[in-house]
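This report covers one pocket and one helix. The pocket comes first.

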Amino acid sequence: MGVHIEKVDLPGIGIRHDLVTEGGRRISVVSHRDGERDLGLFDIDDPDACRYSIPLSDDEAAALADVLGASVMLSRLTSLSDETAGLYTEQIALPTDSPYLNRTLGATKARTRTHASIVAIVRDGAIIPSPTPAEPLRAGDVVVVVGTREGLDGVARLLANGPD
């Protein structure tokens, strides 16, 4: 089943976008003409009755979009490995004593050394997709790596010990 989003014009107010979940719940985002927005959850027994409405600031809306986007991206990467024999996706925490701490991703030369690719960095609950070689590696980072089992193990060793 594909995802269906309905757009409803609200005269004098703005626009409402509704998403109906597989379980039949209706979730909406109301974008007001003045730029404000609300997240709404509708009553399961009466899809026209909004049970909860939560006003969101611009920062809150952006943070919610980041959290949902990061979650979806990581689950899609994980499912990719299910579809491709011999290709794996793994999240590897940057060790606190890594020789690459506060250095750039490019300094690791991970793809050249291991034939595995760092496709994202998870930092402070946000995701940095397709990081450039100039992206610094910080304490608490988790890198998302795609490659063979041997390549993933190589990236873990490289981040922990530096080049052999």
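The second largest pocket holds about 260 Å³ of space. A pocket here is an open set of points, on a 1 Å grid over the protein atoms alone, where a 1.4 Å probe fits, with protein on both sides within 12 Å along at least five of seven lines; lining residues have an atom within 4 Å of a point. The volume is the space filled by probe spheres set on the points.

The model is predicted: local features need pLDDT of at least 70, side-chain atom pairs count only at pLDDT 80 or more, and totals for chains, interfaces and linings use all residues. Residues are numbered from 1 along each chain as its sequence is written, and side-chain values use heavy atoms, without hydrogens and water.

Among the residues lining the second largest pocket are Leu105, Lys109, Arg111, Ile118, Pro131 and Pro133. Helix 2 and strand 7 are the elements that give two or more residues to this lining, and helix 2 gives the most, with 3 residues.

| Class in the lining | Residues |
|---|---|
| Nonpolar | 6 residues |
| Polar | 4 residues |
| Charged | 2 residues |

Helix 2 (110-114) and strand 7 (117-123) also pack against the buried residues of helix 3, as do strand 6 (88-93) and strand 9 (142-147). Those buried residues (under 20% relative accessible area, 1.4 Å probe, protein chains only) are Gly151, Leu152, Gly154, Val155, Leu158 and Leu159. Seen down the helix 3 axis, they fall within an arc of 155°, so they line one face of the helix. On the other side of helix 3, Glu150 and Asn161 are exposed (over 50%). Just after helix 3, Gly162 has a positive phi of about 85°.

Definitions and conventions:
Helix = DSSP H or I, 4+ residues; strand = E, 2+ residues; numbered from the N terminus. Arc of directions from axis to C-beta. Contact = heavy atoms within 4.5 Å. Nonpolar A, V, L, I, M, F, W, Y, C, P; charged D, E, K, R; others polar.
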